[in-house]
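Trainee: Could we go through this one together? I would like to see how each label is earned.
Mentor: Happily; let's look at the structure and begin.

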Amino acid sequence: MTQKQIKGLNLKELMEVCEKQDIPTFRAKQIYQWMYRHHIDDIMQMNNIPLALRNYIKDNYILNTLDIENIQESEYENTKKILFKTHDHKLIESVSMIDKNLHTVCISSQVGCSVDCQFCATGMMGFKRNLTCGEIIDQIIHISNLRDEAITNIVYMGMGEPFLNYNEVMKSADILHDHNGMNLGRNRITISTSGILPKIKQFIDEKRGYKLAISLNATDDNTRTKIIPINKKWNINMIIEELEKYPTDKKNMIMLEYVLLKGINDSKEDAEKLSYYGNLLKCKINVIPFNDIGNEYKRPNAEIINKFIEILHKNQKHYQTLVRWSKGIDIDAACGQLSTKTS
Ligand code: SAH
Ligand code: SF4
């Protein structure tokens with residue numbers, strides 16, 4: 001019999017496991033805290049749980065869903081890229097970035113990605129499979145055990161499209177947020193999507209409250225469809241219209257991500273149009289100068305990038321402008337550079 005993953009179960013599911021075994025359900029909370037608050041990697045360390053129950057879990061469930069295959073460290077920043085292997089020998093990557101008092105972990109939600117953005121190394125891999133909630137959370141647990149600094153922020157910006165694995169992603173975010181789990185504020189958890197409209201709607205309707213980042217990356221549909229093929233189905237207007245419904249609040253602003261690609265989306269008109277959307281949505285605009293993935297796309301030169309930012313600043317009324325000079329470029333850990341060869 002293949003063993004099931006216990007990591008990834010939420011409190012309700014753990015209670016059901018206990019009920020089925022005629023075990024008092026308060027044990028569920030203890031197991032939950034051992035996994036998500038204390039990050040233990042051996043069931044036998046759950047020392048307030050009766051031995052018989054520990055043995056039952058051990059015989060029927062897997063605790064660790066991922067093994068660390070490799071760790072690369074940047075020479076220039078306190079950034080590490082961690083390569084993990086799943087039980088079915090798939091490889092995924094996560095990035096841990098420490099900068100002053102912030103420890104941000106960028107996690108993967110899928111092995112590969114089906115969205116096929118033309119500027120993204122993960123897109124080039126194609127889609128292999130969704131990660132389970134346990135595998136999503138285990139990236140964070142391993143990193144937290146690896147580093148001394150407590151994790152302050154989680155971004156779903158690694159490999160994969162989180163909104164094409166909506167249920168497992170939301171379940172994992174809920175555990176990260178839960179005070180018995182990792183106890184991270186909702187505004188410390190950011191979920192980035194390339195624009196899967198039905199799931200953006202669902203996320204807004206369900207009032208999830210995690211930070212929402214949208215990879216806009218172009219200001220006209222022709223260009224966006226060329227670089228993000230799903231734009232044919234869910235275009236810029238449809239996305240902006242939906243985002244207009246999102247209640248803005250200083251602590252929880254929408255983020256528009258914009259990867260600057262030389263000669264593709266870096267014109268003055270693009271900057272003007274992007275500021276228009278920024279003012280409309282009262283959001284954060286995050287400009288990400290393209291990181292090389294060895295294909296035909298290039299990063300604009302400094303002059304063009306500066307001009308683009310200048311226009312954003314000039315028009316800025318209801319938005320904030322951030323430029324994300326990605327971390328970990330020397331170890332291919334920057335935005336869009338994550339890709340693995342899997343069996
Ligand atoms: N699939 C989600 C989250 C992962 S990608 C999404 O697309 O939003 C995280 C961010 O990296 C996205 O904003 C994406 O547009 C950006 N990105 C992808 N490839 C990049 C590259 N080569 N250089 C810079 N940013 C890139
Ligand atoms: Fe997938 Fe995001 Fe890469 Fe597009 S940018 S291929 S959605 S991971």
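Mentor: This is a predicted model. A good place to start is helix α2, which is mostly covered, with 9 of its 11 residues buried.

Trainee: Which residues of α2 are buried?

Mentor: They are Arg27, Ala28, Gln30, Ile31, Tyr32, Gln33, Trp34, Met35 and Tyr36. The cover over them includes α1 (11-20), α3 (51-60), α5 (133-146) and α6 (166-177).

Trainee: Glutamine 30 sits in helix α2. Why is glutamine 30 called buried?

Mentor: Its relative accessible area is 17%. Buried means under 20%, so glutamine 30 earns the label. Leaving aside residues up to four places away in sequence, glutamine 30 touches Asn48 and Ile49.

Trainee: And what makes proline 247 count as exposed?

Mentor: Proline 247 has 57% relative accessibility. The label exposed requires over 50%, therefore proline 247 counts as exposed. Proline 247 belongs to the loop between α9 (236-244) and β12 (255-260).

Trainee: How far is proline 247 from glycine 209, in sequence and in space?

Mentor: The two are 38 residues apart in sequence, and their C-alpha atoms are 9.9 Å apart.

Trainee: Let's move on to the domains. What are their bounds?

Mentor: The domain assignment gives domain 1 as 4-62 and domain 2 as 66-331. In the contact, 14 residues come from domain 1 and 17 residues from domain 2. Taken over C-alpha atoms, the centres of domain 1 and domain 2 are separated by 33 Å.

Trainee: What area is buried between domain 1 and domain 2?

Mentor: About 1300 Å², with carbon and sulfur atoms giving 51% of that area.

Trainee: How do you know that aspartate 138 and lysine 7 meet in a salt bridge?

Mentor: Their side chains come to 2.6 Å, N to O. The rule asks for a side-chain nitrogen of Lys or Arg within 4 Å of a carboxyl oxygen of Asp or Glu, so the pair of aspartate 138 and lysine 7 qualifies. The count between domain 1 and domain 2 is 2 salt bridges.

Trainee: How many residue pairs are in polar contact across that interface?

Mentor: The rule finds 9 such pairs between domain 1 and domain 2, both residues being at pLDDT 80 or more. On the side of domain 1 that touches domain 2, the largest share, 5 residues, comes from helix α2 (residues 26-36). Sorted by class, that side of domain 1 has 5 nonpolar, 5 polar and 4 charged residues.

Methods:
Residues are numbered from 1 along each chain as its sequence is written. Chains are lettered from A and ligands numbered from 1 in the order in which they are written. This is a predicted model: local features need pLDDT of at least 70, side-chain atom pairs count only at pLDDT 80 or more; totals for chains, interfaces and linings use all residues. Side-chain values use heavy atoms; hydrogens and water are left out. Domain bounds come from an automatic or database domain assignment. Contact means heavy atoms within 4.5 Å. Buried area is the accessible area (1.4 Å probe) that two parts lose on being put together, summed over both. A polar contact is a pair of N or O atoms within 3.5 Å; within protein, one must be able to donate a hydrogen and the other to accept it, and residues adjacent in sequence count only if both atoms are side-chain atoms. Helices (H or I, at least four residues) and strands (E, at least two) are DSSP runs, numbered from the N terminus. Ala, Val, Leu, Ile, Met, Phe, Trp, Tyr, Cys and Pro count as nonpolar, Asp, Glu, Lys and Arg as charged, and the others, Gly among them, as polar. Buried means under 20% relative accessible area, exposed over 50%, partly exposed in between (1.4 Å probe, protein chains only).
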